[in-house]
Amino acid sequence: MNVDEAMRVNRALNKMSKLYRAAKARKLAALGLHPGQDVLLWLLARKREGMTVSELAASVGIEPPTATRTLARLESGGWFRREPVPTDRRQVRIVVTDAGHALIPGIERAWAELAEESMGEAGDDEREITLSTLEAANDRLRALVGEGPLTED
């Protein structure tokens, strides 16, 4: 790849990343959330029995202290509760409340709107090529920084 093409790729990815995050922040603000909080709450909602902070952090690929800080910011919304882990008094399970579950359709709607707005008028074939290219790039970058592949639960 020549330097002009490399600059074009870098500029496009950097700009898209910033714009996507800003657009996502606006959509989530309408729900009382910030980027990152949506993913944690959505993942927690998928586990009726809840998760420990360590389990949650591992499922997102972040460090437990980062998950703890994000949860602390979310706590005032009443979207989850902490329950003791019977086998380990040092740990708690984070369990989504009914109010948190009620927020999930709004999160999914915001994600769907943002994806649709991002892809615009692209047809099915263009969307598939774009998504495949982005997923392959993400896989290569994860390997480059030493992260494992994404896994589906």
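**A first look at the fold**

You'll find six helices and three strands in this protein, with helices being DSSP runs of H or I of at least four residues, strands E runs of at least two, and both numbered from the N terminus. Keep in mind that this is a predicted model, where local features need pLDDT of at least 70, side-chain atom pairs count only at pLDDT 80 or more, and totals for chains, interfaces and linings use all residues. Residues are numbered from 1 along each chain as its sequence is written, and side-chain values use heavy atoms, leaving out hydrogens and water.

**Overall layout**

- Starting at the N terminus, the elements go α-α-β-α-α-β-β-α-α.
- The C-alpha trace spans about 60 × 35 × 25 Å along its principal axes.
- Among contacts (heavy atoms within 4.5 Å) with a separation of 6 or more, 48% link residues 24 or more positions apart.

**Inside and outside**

- The protein has 153 residues, and 26% of them count as buried, meaning under 20% relative accessible area with a 1.4 Å probe, protein chains only.
- Its accessible surface (Shrake-Rupley method, 1.4 Å probe) comes to about 10800 Å², and carbon and sulfur atoms hold 54% of that.

**Where helix 2 meets helix 3**

- Helix 2 covers residues 37–45 and helix 3 residues 53–60; their axes come within 10 Å and cross at roughly 115°, using lines fitted to C-alpha atoms over the stretch in contact and angles from 0 to 180 degrees between N-to-C directions.
- On the helix 2 side, Leu40, Leu43 and Leu44 do the touching, and they meet Leu56, Ser59 and Val60 of helix 3.

Note on methods:
Buried means under 20% relative accessible area, exposed over 50%, partly exposed in between (1.4 Å probe, protein chains only).
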